[in-house]
Amino acid sequence: MNYSNSFLPAAILATAVFIPTSIARAAEMDDAIYWQFQVDQLESRAGDGADVVAWDANAWIGNDDHRLAFKSEGENPIGKRLEKAELQFLYRRPISTFFDLNAGIRHDLRPDPDRTYAVIGVQGLAKQFVETDANLFLSETGDLSARLEAEVDWRLTQRLILQPTAEINVAFSEDRRIHSGAGINTVEAGLRLKYEIRREFAPYVGLHYERKVGATANFARGEGEDTDSLRFVAGVSFWF
Amino acid sequence: MRHSIHSLIGLAAVLAATLAGAPPAQAGTYNLEIARGAIDVAGRPQDAMTINGGIPGPVLRFTEGEDLTINVTNKMDVDTSIHWHGLILPYQQDGVPGISFPGIKPGETFTYTFPAQQSGTYWYHSHSGLQEQSGVYGSIIIDPKTREPFRYDREYVVVLSDWHKTDTPKTILSNLKIMADYYNYQQRTLGTLLDDVKKMGFGAALADRMAWGDMRMMPSDIADVSGYVFLMNGRNPDQNWTGLFKPGERVRLRFVNAAAMTFFDVRIPGLKMTVVQADGNNVRPVPVDEFRIAVAETYDVIIRPTEDKAYTLFAESMARTGHARGTLTPEMGRTAAVPDARPKQFLTMADMGMAHGDMPGMDHGAMKMDHGKMSHGAMKMPGGDHMMPDGTMMKGMDHGKMGHGAMASNPKDDPFYAPGSGLMPKAAEGGKFLSYADLKAFRPLYPDREATRVIEVRLTGNMERYIWSINDVKYSDAEPIKLKFGERVRFKFINETMMTHPMHLHGMWQILDNGSGKYNPAKHTISIAPGTTVEADIEADAEGQWAFHCHLMYHMASGMFRKVVVERETAEIAR
Ligand SMILES: [Cu+2]
């Protein structure tokens, strides 16, 4: 059906594990496999503390009903060793018109020691076009934590976009070795001004604010680290 | 060079016009070769799929009653097919891969052969993948055996289509699946918010934003795809397709909308058009100033330019993203002014079906109850003029008994749009805009009888995921619709989405209930506006397996499609 490029052989193999019935019906045009690789943020942050390069990327492949997704985010202080790096591998399926269920694993390479988590959560488009992503994480040490992310695009013009973002991390128990206290851990807020040169490519500038809270803040103070930072960011977002 | 091409076209047209007067015996055999080629309508050559080297393919001309033979050769490296849109034929000749035949493999020739059982203007196109968007379409004229109920001196086929300036069809579909608003550059911005605040005040503007935001929908979502250049007979507006006429002649224009995604609003500034045929079937003549042609529809109009001057054929996209343009002139080289684009249209809450709950009387289903007392056609007529086009008076008209508050208060509203719809058509230069309500069969194809059952066809979709469906199920998950041979069923289309869907049934007519009773027009494609309910009867007189789908290419490709199976009662045979 003139669709050969949509059917990446590797993807079919990978996805077939989950969706044998779908492959059997692959002849139908409306059941084709699509994929996207998206770098939401690739930016340098300068201001309080050391300058860092931060990224937030994701990718997915699948049809309307079943998708495999990959997410990664992290921070690397320039000239120093990797500070934060997280990978997630998820299975995703729609549970309502606008929301998907995510389930899978998360692995943090940093901070040290590394941690592996089971992930379950929902992600989708909330009212007023707010992109939301809410996940629960159960670590290998039995600690439960949660993360809520929200993001909205306010169009100033057809191509100029003001994008506020927010993120809250909560832990339900303490994991001292990775300096995570119980309760609200960190809050992050961002405000980025993007210009979509194409839908697929948008450079931006903005501000990023991060604050450690409660016991987590105490751990940081004990290490002689700042508990909050406000940084100027410049970067690009792109997808293909 | 261009001039000589024009002259050739002119010559061919004159020839065609001469032929039109007295249809001669024709061979009825055509050879079509589908191959990769390039066209330049967007400033640079782009890959296309051509038929006999061109876009659109040749006009196929037959005479009613003759046996047709059309050899279609696939010179490409992918499967192809040709579907004869609107033709009544054995299903094995219908040309839908996976439903009526296996498709035409690379290097193969498939011979379509069937009798021409009808006359009128039709068209053909590939039914494989997204090939139609790449150029695989052309027109069909079938001349009637007997005299037509209208006269004309010459004729032209006017094939309208859309061609993407940058993206291949596959990329378009992929972009829509990844980001449904990828092509929407008419989104609400800070600027439009400020405009709205100026117009309606801060509170109202914000409330409106919130209402759309709650639905996660966009009022500017009219066309799904932008970035098209619009073509008339394969030429862009600058390439200006031109037809010749002699002042005083009657010219028949056979409009075909072969676009993948684009509805056109068609007008010829300075000329009235008399609509004489819709989807190949003669209708009572309706003089109009403008008409909307849905994707896959055909309309034949007759114009009579008396002045010695050029006229612009102007087909503006419904989403106002551009236009197709051509010229009719007594002499090559003359042109007329090209109208300015009209302001963008925006959907309203009425198009979101928001009126349904509050105003149950607004949908056509409910209107049915009052058919004895009123008619959609009559409602359209301004100033209480209830004269039918054929000169008879409407019977049983009683405005007092019309139970439709909103409509009675605005008799000029088109009943085939949700009251208050942002898509409500209005003639650009004033005057009459064709409504479905105006279409009355010249001669009914079928005796009028009650349908024995109603099949609900809810047009549904998930705009965010770009999944289109019928009754919330997309094609790959759906069971076929089964009809019994010989039965008359009523399709009740309920459009629950914010898009207009031109629904096309293969192999059989859909008799649109527009309140004209036995003169309800028979169509192959019925366009259903957002927030409306439209009913049509189907005489299941064609055994076999048929396609039934929205003719918006990317809606069809993402699920708004069904197989319809017409079978004889096996129980009776067994007995
Ligand atoms: Cu549709």
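## Sheets, salt bridges and aromatic pairs in a predicted two-chain model

Strands E7 (residues 120-125) and E8 (residues 137-143) of chain B run antiparallel and are joined by 6 bridges. Helices (H or I, at least four residues) and strands (E, at least two) are DSSP runs, numbered from the N terminus. Two strands pair if DSSP finds at least two bridges between them. This is a predicted model, in which local features need pLDDT of at least 70 and side-chain atom pairs count only at pLDDT 80 or more, while totals for chains, interfaces and linings use all residues. Residues are numbered from 1 along each chain as its sequence is written, chains are lettered from A and ligands numbered from 1 in the order in which they are written, and side-chain values use heavy atoms, with hydrogens and water left out.

### The two sheets of chain B

Within the E7-E8 pairing, B:Trp123 has B:Ser139 of E8(B) as its bridge partner. Both strands belong to an open sheet of 4 strands in chain B, ordered E3-E8-E7-E5 with mixed pairing. Its edge strands, E3 and E5 (83-85) of chain B, each pair on one side only. Neighbouring strands of this sheet are turned by 25° against each other on average, direction ignored; the axes are lines fitted to C-alpha atoms, for helices over the stretch in contact, and angles run from 0 to 180 degrees between N-to-C directions.

A further open sheet of chain B has 6 strands in the order E10-E9-E12-E17-E14-E15, again with mixed pairing. Here the edge strands are E10 (228-232) and E15 (281-288) of chain B, each paired on one side only. The twist from one strand to the next averages 20°. Strand E9 (residues 154-164) of chain B runs parallel to E12(B), and 7 bridges join the two. B:Arg154 stands opposite B:Val251 of E12(B).

### Salt bridges

Over all chains, the structure holds 60 salt bridges (a side-chain nitrogen of Lys or Arg within 4 Å of a carboxyl oxygen of Asp or Glu). Three of them are tabulated below.

| Acidic residue | Basic residue | N to O distance |
|---|---|---|
| A:Asp31 | B:Lys474 | 3.6 Å |
| B:Asp300 | B:Arg252 | 2.7 Å |
| B:Glu331 | B:Arg334 | 3.3 Å |

The salt bridge of A:Asp31 and B:Lys474 joins two chains, because A:Asp31 lies in the loop between helix H2 (20-24) and strand E1 (34-47) of chain A and B:Lys474 in the loop between strand E21 (467-470) and strand E22 (481-484) of chain B. Both A:Asp31 and B:Lys474 are buried (under 20% relative accessible area, with exposed meaning over 50% and partly exposed in between; 1.4 Å probe, protein chains only).

The side chains of B:Asp300 and B:Arg252 also meet in a salt bridge. B:Asp300 lies in strand E17 (residues 298-303) of chain B and B:Arg252 in strand E12 (residues 251-257) of chain B, so the pair ties together parts that are 48 residues apart in sequence. B:Asp300 is buried, with a relative accessible area of 0%, and B:Arg252 is likewise buried at 0%.

For the salt bridge of B:Glu331 and B:Arg334, B:Glu331 is partly exposed at 44% relative accessibility and B:Arg334 is partly exposed at 26%. Salt bridges that share partners also join B:Asp265, B:Arg267, B:Glu290, B:Arg292, B:Glu316, B:Arg320, B:Arg342 and B:Glu429 into one network.

### A buried glutamate and a helix start

B:Glu66 sits in the loop between strands E3 (60-63) and E4 (67-74) of chain B. This residue is buried yet has no salt bridge, and B:Arg61, the nearest side chain of opposite charge, is 8.8 Å away. The side chain of B:Glu66 does reach the backbone nitrogen of B:Thr63, at 2.6 Å.

At the start of helix H3 (residues 190-200) of chain B, a side-chain oxygen of B:Thr189 comes to within 3.1 Å of the backbone nitrogen of B:Gly191. Just after H3(B), B:Gly201 takes a positive phi of about 90°.

### Aromatic pairs

The structure holds 28 aromatic pairs over all chains. Rings of Phe, Tyr and Trp (its six-membered ring) pair if their centres lie within 6.5 Å; planes under 30 degrees apart count as stacked, over 60 as edge-to-face and the rest as tilted. B:Phe101 and B:Phe110 form an edge-to-face pair, 4.9 Å centre to centre with 70° between the planes. B:Phe101 counts as buried at 8% relative accessibility, whereas B:Phe110 counts as partly exposed at 21%. B:Phe150 and B:Tyr152 form a tilted pair, 6.4 Å centre to centre with 35° between the planes, and both residues are buried. Ring pairs also link B:Trp84, B:Phe101, B:Phe110, B:Tyr112, B:Phe114 and B:Tyr124 into a cluster.

Definitions and conventions: Lys, Arg positive; Asp, Glu negative; His and termini not counted. Polar contact = N/O pair within 3.5 Å; in protein donor to acceptor, adjacent residues only side chain to side chain.
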